[in-house]
Amino acid sequence: MKKLLIILTCFISFFSCSLNIHAIKNINIVNNSLVPLFDKSTYIYNVYVSEETSEVIIEGTKENEDEVITGTGKIKIEGNKTVAEISNGIEKYYINIFKNYKIENNKSDASLRFLSIKGYNIDFKSDVFDYKIEVKGYDDLEVIYVGGNENSKIVMSGNRNLLDKDNVIVISVKSEDKTNNNVYKIHVNVLSSAFKEEKEKSNFKKSFSKDDKIIVFSIVFSFSLILIFILYFIMFHKKKN
């Protein structure tokens, strides 16, 4: 009986750890700054360093003590562009580190200087606003962009939870002085419906939100406590007899 209680205790501890709610509180670049400033709902950032810079230090602030953040620390800069990936096991954030990259901050500039999708060629041109690509699955697309003005406001949507058709990645750029606005669109076509099972699994995983985890953990924990109470009751009853 004691062995059973130990097993139940271990099970509760393991389940508690596996459903622990993770969220990166902040990402910081030592002696530099992210563009734009860190926000949990923004997944792509830019950092600009001088030609003499050989590495940057990325710091991640945990939301809770049990959280594990990967990709932080010293990042070696290779070439004129290095991409760092920061993850907590649930969300991924990408930091584009540009070396010796000069930006003229025209306050009325509402263009993109750079736009790409990892694994695909879109033949980007700053004055072309419409693109098309074909993909083989439903995985989220990693879109990397750089604004013509580092202070312009850039909002992106549509690169996640792909459908069989009619996927459009929309990147809206508003100038610093709010006088101009441009919208870049990337039309994404999924080549084959053979990936439907993969999509369903992916959607299930993504739909399993933090609130769902809390509910599931609460249910399992409650049932475990009830089971332990019943076992103690049975043991007490046997001793009494």
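Which residue forms a salt bridge with K118, and how far apart are the closest N and O atoms? In this predicted model, the partner of K118 is E142, and the closest N and O atoms of the pair are 3.7 Å apart. The setting of this pair, and of the sheets and cores around it, is described below.

## Overall architecture

The protein, which is treated here as a predicted model, contains three helices and 12 strands. Of its 241 residues, 34% count as buried, and the protein exposes about 15300 Å², of which carbon and sulfur atoms supply 55%. When contacts between residues at least 6 apart in sequence are considered, 59% of them join residues at least 24 apart.

## The four-stranded sheet

One open sheet is built from four strands in the order β8-β12-β11-β10, and its pairing is mixed. Its edge strands are β8 and β10, the latter spanning residues 153–157, and each of these pairs on one side only. From one strand to the next, the twist averages 15°.

Within this sheet, β8 pairs with β12, a strand of residues 181–190, in the parallel sense and over six bridges. At one position of this pairing, V135 stands opposite V190 in β12. I133 also belongs to β8, which covers residues 130–135, and the C-alpha atoms of I133 and V190, although 57 residues apart along the chain, are separated by 8.8 Å.

## I133 and its surroundings

Is I133 buried or exposed? With a relative accessible area of 7%, I133 is buried, because this value falls under the 20% limit. Leaving aside neighbours within four places in sequence, I133 is in contact with I186, H187, V188 and N189, and also with I117, Y120, I122 and L141.

## Nonpolar cores

The largest nonpolar core comprises 22 residues, and L115 and I186 are the ones with the most contacts inside it. At least two residues of this core come from each of β7, β8, β9, β11 (167–174) and β12, and β12 gives the most, with four residues. Not counting residues up to four places away in sequence, L115 touches I122, F124, V143, I144, Y145, I171 and I186.

Apart from this core lies another, of 18 residues, which includes I29, L34, V47 and V56. V56 also has a place in strand pairing, since its bridge partner in β4 is I75.

## The three-stranded sheet

A further open sheet has three strands in the order β1-β3-β4, with antiparallel pairing. Here β1 (24–29) and β4 stand at the edges with a single partner strand each, so one side of each is left without a neighbour in the sheet. Neighbouring strands of this sheet are turned by 30° against each other on average, direction ignored. Between β3 and β4, the antiparallel pairing extends over four bridges.

## Salt bridges

Side chains of opposite charge can pair when their charged atoms come close. A search of the whole structure finds six salt bridges, including one between E55 and K74, in which the closest N and O atoms are 4.0 Å apart. E55 lies in β3 (residues 55–62) and K74 in β4 (residues 73–76), so the pair ties together parts that are 19 residues apart in sequence. E55 is partly exposed, with a relative accessible area of 38%, whereas K74 counts as exposed at 61% relative accessibility.

The pair introduced at the start, K118 and E142, has its closest N and O atoms 3.7 Å apart. K118 lies in the loop between β7 (112–117) and β8, while E142 lies in the loop between β8 and β9 (143–147), so this salt bridge ties together parts that are 24 residues apart in sequence. K118 is exposed, with a relative accessible area of 56%, but E142 is buried, with a relative accessible area of 14%. Another of the salt bridges joins D123 and K125, with the closest N and O atoms 3.3 Å apart, and K125 is partly exposed, its relative accessible area being 41%.

How values were computed. Residues are numbered from 1 along each chain as its sequence is written. This is a predicted model: local features need pLDDT of at least 70, side-chain atom pairs count only at pLDDT 80 or more; totals for chains, interfaces and linings use all residues. Side-chain values use heavy atoms; hydrogens and water are left out. Buried means under 20% relative accessible area, exposed over 50%, partly exposed in between (1.4 Å probe, protein chains only). Contact means heavy atoms within 4.5 Å. Accessible areas come from the Shrake-Rupley method with a 1.4 Å probe; for residues, only the protein chains shown count as cover. A salt bridge is a side-chain nitrogen of Lys or Arg within 4 Å of a carboxyl oxygen of Asp or Glu. Two strands pair if DSSP finds at least two bridges between them. Axes are lines fitted to C-alpha atoms, for helices over the stretch in contact, and angles run from 0 to 180 degrees between N-to-C directions. A nonpolar core is a set of buried Ala, Val, Leu, Ile, Met, Phe, Trp, Tyr and Cys residues joined through side-chain atoms within 4.5 Å.
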